[in-house]
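Please open the model in your viewer and keep the selection tool at hand, since this tour goes from one selection to the next and says what is there at each stop.

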Amino acid sequence: MTSDAPNLSGMTQVYETQAERTDLPLVVMPSVLDSMVEPIRSQFPRLRDVARVRMYEEFTSDEDSIAERLHDADVLLVGGYHISDDLLRRITGHGPQGEAEGHVKCIVFCGTGVASYVDLDLAREFGVRVCNAEHYGDHAVAEHAFALMFELIRRVGELDKDVKAGNWAWKGGDGLQLAGRRLGIIGLGGIGSTVASIGKAFGMEVSAWSSHVPDELFERCGATPVASMDELIESSDVVSVHLPLIDGATRGIITVANLEHLRPGTLFINTARSEVIESGALLARLQRGDIPAGLDVFDHEPLKSDDAICQIPGIVLTPHVGWRTDGAFKELTRQMVECVHAFLTGGEFNVVVHE
């Protein structure tokens, strides 16, 4: 059912299922992106007779509001905001008020890189299961990587503005062609291999550097393996980053020294995680002004207008939206609800941290 009655957030609309079944565990989504409301609603029947569901149909990152909405929750569905250590303590009963403030035992993150949004070691210490979603956005993010490439080489946004302003004679220089150029991919997982396949379809020469990937994957997606990251970067016309963020493995793996191998004019694309690049390294390299870049992820999100990276000409920035497509939302929400179902019925699904 849907309730429009005043509640913890004034007139915020709240969607609930089986509200009368107080014998069931409570799953709460205290904040949700507008575009996720319908996809996740459609998945909730999977939890019938397993859990009650309460979803607040607005987006907020206010910690007091989130904590208040979670005071009686057993499971948290989270997306689009960071869970600070303080908030984690409050919602799991480890804050000053103990379990009177919260008793969440499972956190389900709407994405893959949950380590960027919650302290996994602290969650483990508190005995909280943490789950994520996998491969839901392989095509979405891969397509966005190419959208950034095309904006850099064909500047469609600028052309559109010029034509609509009556300026038919384009004076911004001619475009570049992807066909025949060398695409270097750092990280050949689900997204990276999809990028490789798309690059091949565009007629690009595709190579990749990736650890712990079987040789047959390179062959299947048409990518030539390269022994070192430096060699890949130095030999590519376009470098696209598709590494997952893994503490102790990929955090800061792309260093200042690696970025020195970027040749002037090389396109640099990052739709993965900013933290896979050594802190400050990319900004320093881009500030030289000779590398066109397309970035969807940043050290601090949301990015502020006075951030130094916004002042660099010749780069394209988008607000971490590569994963946001209709197809990705459908698969993402399916996996989120499957994580909840497994936790509440004694199973496991996409568990990142065990309770």
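Begin by colouring this predicted model according to its domain assignment, which gives domain 1 as residues 14-136 together with 327-353, and domain 2 as residues 137-317. If you place a marker at the centre of each domain, taken over C-alpha atoms, the two markers should be 32 Å apart.

Next, select the residues where the domains meet: 7 residues of domain 1 are in contact with 8 residues of domain 2. The size of an interface is often given as the accessible area lost when the parts come together. Between domain 1 and domain 2 that buried area is about 650 Å², with carbon and sulfur atoms giving 43% of it. On the domain 1 side, show Ala115, Ser116 and His135 as sticks, for these residues lose the most area to domain 2 and together account for 55% of what that side buries.

What kinds of polar link should you look for across this interface? The rule finds 3 residue pairs in polar contact between domain 1 and domain 2, both residues of each pair being at pLDDT 80 or more, whereas the count of salt bridges across the interface is 0. Colouring the domain 1 side by residue type, you should find 3 nonpolar and 4 polar residues touching domain 2, and no charged ones.

Now turn to the aromatic rings, of which a search of the whole structure finds 6 pairs. One of them is formed by Phe150 and Phe202, an edge-to-face pair with 5.3 Å from centre to centre and 75° between the planes. Phe150 belongs to helix α5 (residues 138-154), while Phe202 is in the loop between α7 (190-201) and β9 (205-209), so that the pair links parts of the chain that are 52 residues apart.

Two backbone stops remain. Select Glu301 and Pro302, which are joined by a cis peptide bond with omega of about 0°; Pro302 is in the loop between β13 (293-295) and β14 (315-317). Finally, go to the loop between α1 (37-41) and β4 (52-56), where Asp49 lies; although Asp49 is not a glycine, its phi is positive, at about 65°.

Methods: Residues are numbered from 1 along each chain as its sequence is written. This is a predicted model: local features need pLDDT of at least 70, side-chain atom pairs count only at pLDDT 80 or more; totals for chains, interfaces and linings use all residues. Side-chain values use heavy atoms; hydrogens and water are left out. Domain bounds come from an automatic or database domain assignment. Contact means heavy atoms within 4.5 Å. Buried area is the accessible area (1.4 Å probe) that two parts lose on being put together, summed over both. A salt bridge is a side-chain nitrogen of Lys or Arg within 4 Å of a carboxyl oxygen of Asp or Glu. A polar contact is a pair of N or O atoms within 3.5 Å; within protein, one must be able to donate a hydrogen and the other to accept it, and residues adjacent in sequence count only if both atoms are side-chain atoms. Ala, Val, Leu, Ile, Met, Phe, Trp, Tyr, Cys and Pro count as nonpolar, Asp, Glu, Lys and Arg as charged, and the others, Gly among them, as polar. Rings of Phe, Tyr and Trp (its six-membered ring) pair if their centres lie within 6.5 Å; planes under 30 degrees apart count as stacked, over 60 as edge-to-face and the rest as tilted. Helices (H or I, at least four residues) and strands (E, at least two) are DSSP runs, numbered from the N terminus.
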